[in-house]
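Let's walk through this structure together, starting with its cysteine links and moving on to its core and its charged pairs. Keep the model open beside the text as you read.

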Amino acid sequence: MKIQINFFTISTCFILLSCGTGKNASSAVTQANDTRSKSANSSLDPISAPLNKMESVKIAPSKKEKMVASDTTFVNLKDVSTDFVYDMKYATTANFLKSKVYECDACYLRKKTAISLIAANKKFIEMGYRIKLFDCYRPLDIQKKMWEIVSNPEYVADPKKGSIHNRGGAVDITLVDADGKELDMGTPFDFFGIEASHDYELLSDKVKINRKMLRKVMTRYDFRIFESEWWHYNLKNSKKDPLSNFKWKCD
């Protein structure tokens with residue numbers, strides 16, 4: 001009997017308290033929802049702002065959505081940022097193929113790759129540097145053309161398997177200083193010797209510092225190295241994206 005009375009008393013108090021504070025509780029919930037809403041809005045990545053201006057591009061409102069593997073939207077990096085330097089080697093004959101394989105020097109990337117690259121470049125700019133691009137997205141037909149010129153998997157990815165470049169998730173880059181001068185990375189772009197490897201140690205301290213700085217910032221923004229090429233970076237999980245043969249129009 002004593003246990004029943006205590007249970008009844010406790011239940012009655014709980015009901016009375018709930019009824020007496022219902023208005024306050026409702027107000028607290030509303031306030032909490034408002035706070036969460038404001039917090040979500042404040043977390044939107046400002047890097048997406050320039051991309052948002054493009055009518056054909058739907059910008060993801062959160063970091064999680066930006067990294068969705070099913071993202072197939074391609075953007076021209078030159079349309080969404082003016083902070084990069086370009087030297088698109090394969091739009092010239094100044095490359096190891098000795099052949100021009102791109103009709104023009106456009107730099108297209110998957111949207112998520114562009115967003116991460118812009119973030120990395122913003123950090124480099126704060127440090128007094130800037131990213132210079134040698135190659136971006138590469139249509140599968142261009143990969144086939146390169147394979148016809150040099151059919152060696154040590155230098156060119158077999159188009160049957162494709163590369164991360166064909167998926168819009170890879171960039172070939174270096175850094176330039178405030179005067180536009182390339183930092184010393186020990187070898188030129190597309191140098192296919194052991195000296196271009198990330199783990200090669202017989203380099204000057206200056207070169208080691210430059211490579212380490214490039215690697216540290218790029219990996220911080222979800223890029224991964226390609227061990228044998230200091231200039232090549234792949235966006236994390238981009239290998240899961242499909243090969244693409246999307247082609248852009250040259251002016």
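Which hand does the disulfide of Cys104 and Cys250 have, and why? The torsion about their S-S bond is about -75°, so this disulfide is left-handed. Before going further, a word on the ground rules: this is a predicted model, in which local features need pLDDT of at least 70 and side-chain atom pairs count only at pLDDT 80 or more, while totals for chains, interfaces and linings use all residues. Residues are numbered from 1 along each chain as its sequence is written, and side-chain values use heavy atoms, with hydrogens and water left out.

Back to the cysteines. The structure holds 2 disulfides, a disulfide being a pair of cysteine sulfur atoms within 2.5 Å. In the pair you have just met, the sulfur atoms of Cys104 and Cys250 are 2.0 Å apart. Cys104 sits in the loop between strand E2 (85-86) and strand E3 (108-110), and Cys250 in the segment after strand E7 (229-235), so the bond ties together parts that are 146 residues apart in sequence. These element names come from DSSP runs, numbered from the N terminus: helices (H or I) have at least four residues and strands (E) at least two. Cys250 is partly exposed, with a relative accessible area of 28%. On this scale buried means under 20% relative accessible area, exposed means over 50%, and partly exposed is in between (1.4 Å probe, protein chains only).

The other disulfide joins Cys107 and Cys136, with sulfur atoms 1.9 Å apart. Cys107 is in the loop between E2 and E3, and Cys136 is in the loop between strand E4 (130-135) and helix H7 (140-149), so here the parts tied together are 29 residues apart in sequence. The S-S torsion of Cys107 and Cys136 is about -90°, so this disulfide is left-handed. Cys107 is buried at 0% relative accessibility, and Cys136 is buried at 1%. Counting bonded cysteines along the chain, the pattern is 1-4, 2-3.

Now turn to the interior. The largest nonpolar core (buried Ala, Val, Leu, Ile, Met, Phe, Trp, Tyr and Cys residues joined through side-chain atoms within 4.5 Å) has 47 residues. Helix H6 (residues 111-126) supplies the largest share of this core, 5 residues. Among the residues with the most contacts inside the core are Leu117, Leu133, Val171 and Met218. Try picking out Val171: leaving aside neighbours within four places in sequence, Val171 has contacts (heavy atoms within 4.5 Å) that include Leu117, Leu133, Met218, Trp231 and Tyr233.

Finally, the charged pairs. Side chains of opposite charge can pair when their charged atoms come close. Taking a salt bridge as a side-chain nitrogen of Lys or Arg within 4 Å of a carboxyl oxygen of Asp or Glu, the count comes to 10. One of these pairs Asp105 with Lys78 at 3.3 Å, N to O. Asp105 belongs to the loop between E2 and E3 and Lys78 to helix H5 (residues 77-80), so this bridge ties together parts that are 27 residues apart in sequence. Both partners are partly exposed, Asp105 at 39% and Lys78 at 31%.

Asp241 and Arg110 form another salt bridge, with their closest N and O atoms 3.7 Å apart. Asp241 lies in the segment after E7 and Arg110 in strand E3, so the parts they tie together are 131 residues apart in sequence. Asp241 is buried at 2%, and Arg110 is buried at 1%. Together with Lys112, these two residues, Arg110 and Asp241, are linked in a network of salt bridges.
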